[in-house]
Amino acid sequence: MKRLSGMILILAILILLAVPAFGATEATVVRFQAAISGDGSAQVTVSVNLRLETAQKDLTFPVPANARNITVNGGKADTVRRGEAKRIDLSETLGKMAGEFTFTVNYILDDVVSSNEAGLPMVELPILSGFAYPVANLEFTVSLPDTVEAKPAFSSGYHHSSIEEDLRAAVSGNLITGQSLKALKDQETLVMTLDVPESMFPDTPIVIDSSLAEVLAVSGCLVLALLYWLIFLRTGPLRRRQTPTPPDGFGAGELGSLLCLEGADLTLTVFTWAQLGYILIQPDRNGRVLLHKRMEMGNERSEFEQRLFAKLFGKRSVVDASSGRYADLAFQARTLSSGARSMLERGSGNPRIFRFLGACAAAVCGFYVGFALAEGGVLRWLWGIVMGLLGLYSGMKIQRFANGLFLLRKTPIYKALVWCALWLGLGLLAGQLPSALTLTLSQLAVGLMAAYGGKRTQEGRRVACNVLGLRKYLKSLSYQDLRRLSQSDPELFHNLAPYALALGVDKRFAGRFGQDGISGCPYLTTGMDGHRSAREWAMLMRRTIGDMDRRERQKNAERLRKALRDLKK
C-alpha cells in the first residue's frame, strides 16, 4: 500500500512537471527607449514581454494620445482613441492564446519640450500610459541632444511624486537610464520630467501647457464679451404681464423684430394683412398659395408695411406666394428690422460685436479640439486652424437658438442642437470633452444674453414686455374665458391666430377652444364647407405657411450649395 501511494505521488509530480505553468497575467519586462532630437520630438521604442494566464479577447497596448507613426513589430498598428491615450489592437499580433509573448512598439512624439513654472524649457516624456496589466520590471533609457545636468523627476497616476522611491535613475552624459525597484500596478501611468538649459533646444518653440493656455484664451474672450455687454447692451428686466392685445401698429411678422431685433417675416405679415381685410389667402392641395388683393393699403399702416405691400403686389391683384419672386421678397424682408432700432437707446452697442467676442471663445475651443484630433506637427496646426474657424462659425449659429425660443421659427434651435451634438461628439473623439462642453455652454449663454438686442428705451422695454405678455396670455387663457370672449367676438380665434402663430403658441392657443367647431376663417379660403375645430384651423394655417415658405427654403439651400462650390474653386 505504501509502495502504491509512493508511485501515485511520483506520477503526480511528473504530470505537474510536464504541464506548462503560467503565473499571473502581467508584463514581465517593459523596456522603454526614447531618443529626443533637437527639434523637440522623440523617437520611442517599447519592447514588452507579456505573460497571459488565459486568452484575452480585447488585448490592447496604450501609447500617448499625441503619438504618431505607430507600428507594432514593424507593421502598421490599428489604434482607437480612449480617454487620454491611444489603444493599439494586439489581437491580430498576439492572437487569442495564453502563454508568453514579446512585441515591440515604435512611435514618434512631437513637442515633448514644454515650459516649467519659471518659463524655462522642460522635457515631459510619458513612459507608461496605463497598461491594463501589472509591470513586474520596467527598464528605461532616454537620450538627449546634449549633456544632462539636472536630475529627472517622475510622477505616476497611483503614487504621484512618491513613485520615485520605487525607481532608480542614473544620469551619464546625455543618457538617462533607470529601472523599477518594485512591480508597478495595472493601469499605471508614468511621466518623466527634466529641466534642461535653453541651449539644448534653441530652435524649438517652448510649448505652454495647452490646458492653461486654453483657459486663459477662452476666459479672456468671455470677459471682453461680458464687459461689452455690461457697458453697451445691458437693459432693464422685461416683466411679462399678460395682455390681450398685440403691440399697436405692428403686425405679427414684426414681433420677432420687436423682441429680438430680427428681420421681418413676410409670410406672417401677410397673415396680419389678411386678418385686417387687405388680402384673401387661397391655398390648394398641391402646395400652391394665391394671394388676392381685396383693397389698397393706405397710411393707416406703417410706412414699412406700405412699402412691403407695394413691392408684393405692384399693379397686380393676385400673387403666387409659392413662387420664386415671393421667396426673393421674403428673403429681403428678413434683412429689414422695420422700426426696431427706435426701441434702442442712442448709446446702445451692436449685438454683433458682443456675439463675435463670444464666438471667439468657441474658436479657441475649436482650435484645441482640432489640434488634438490630428497627428503630426504641421497637420495638427492646420487642423487646429480649420476647426477654430468652424468653432467661430458654429458659435454664431449656436447663439441664435435664443431667437427661436419665443417665435414660430424653431430652425435656430434645431441648428444649435445639431452643432452642440457635433462638437460634443468631436470632443469625445479627440479626448477634449471639457473644451467641447465649454464651447457649447458658453455660446448658449451668449445667445441668451444677446436675445433682446441691446439697451432698450423705456418704450422699447414696454413693447418687448407687451410681446411676451401677449404670448403668456395666449398660452394661459382658460376655456371659460374663451367662451365668454367669443360671445362678444365670434372671430376671436381668427383675429389672434396670426399672433399666436408668430409666437409659436398656436397649438396651445387652439387647444384652449376644445373640440368644438368654430366659424370659417374670413381670410383663408379652402373651398370646403363646414365648421372646423380651432386645432384644425391652426394646422391648416401652419401648413399654408409651410407652403408659402417652401420656395424660400429651396433658394436658401441653393445659395448654400453655390457658396460651397465657390469655396472649392
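This is a short tour of three places in a predicted model.

**Stop one: a loop residue**

Start by selecting Ser 41. You will find Ser 41 in the loop between β1 (26-36) and β2 (42-52). Is Ser 41 buried or exposed? Its relative accessibility is 13%, so Ser 41 counts as buried, since buried means under 20%.

Now show the side chains of Ser 41 and Asp 39: they make a polar contact at 2.7 Å. Next, add Ala 35, Ile 36, Leu 109, Asp 110 and Asp 111 to your selection. These are the residues in contact with Ser 41 once its neighbours within four places in sequence are left aside.

**Stop two: a pair of helices**

Two packed helices are described by the angle between their axes and the distance between the axes. Select residues 351-373, which form helix α8, and residues 411-430, which form helix α10. Their axes come within 9 Å and cross at roughly 40 degrees, which makes α8 oblique to α10. The crossing is left-handed.

Which residues of α8 and α10 make the contact? On α8, pick Gly 366, Val 369, Ala 372 and Leu 373. On α10, pick Trp 423, Leu 426, Gly 427, Leu 429 and Ala 430. Try colouring this contact of α8 with α10 by class: there are 7 nonpolar residues, 2 polar ones and no charged ones.

**Stop three: a helix residue**

Finally, select Leu 379, in helix α9 (residues 377-399). With 43% relative accessibility, Leu 379 counts as partly exposed. Then add Ser 129 and look at the two C-alpha atoms: Leu 379 and Ser 129 are 24 Å apart in space and 250 residues apart in sequence.

Definitions and conventions: Residues are numbered from 1 along each chain as its sequence is written. This is a predicted model: local features need pLDDT of at least 70, side-chain atom pairs count only at pLDDT 80 or more; totals for chains, interfaces and linings use all residues. Side-chain values use heavy atoms; hydrogens and water are left out. Axes are lines fitted to C-alpha atoms, for helices over the stretch in contact, and angles run from 0 to 180 degrees between N-to-C directions. Helices (H or I, at least four residues) and strands (E, at least two) are DSSP runs, numbered from the N terminus. Angles under 35 degrees count as roughly parallel, over 145 as roughly antiparallel, 65 to 115 as roughly perpendicular and the rest as oblique. A crossing is left-handed if the near helix is turned anticlockwise from the far one by less than a right angle, and right-handed if clockwise. Contact means heavy atoms within 4.5 Å. Ala, Val, Leu, Ile, Met, Phe, Trp, Tyr, Cys and Pro count as nonpolar, Asp, Glu, Lys and Arg as charged, and the others, Gly among them, as polar. Buried means under 20% relative accessible area, exposed over 50%, partly exposed in between (1.4 Å probe, protein chains only). A polar contact is a pair of N or O atoms within 3.5 Å; within protein, one must be able to donate a hydrogen and the other to accept it, and residues adjacent in sequence count only if both atoms are side-chain atoms.
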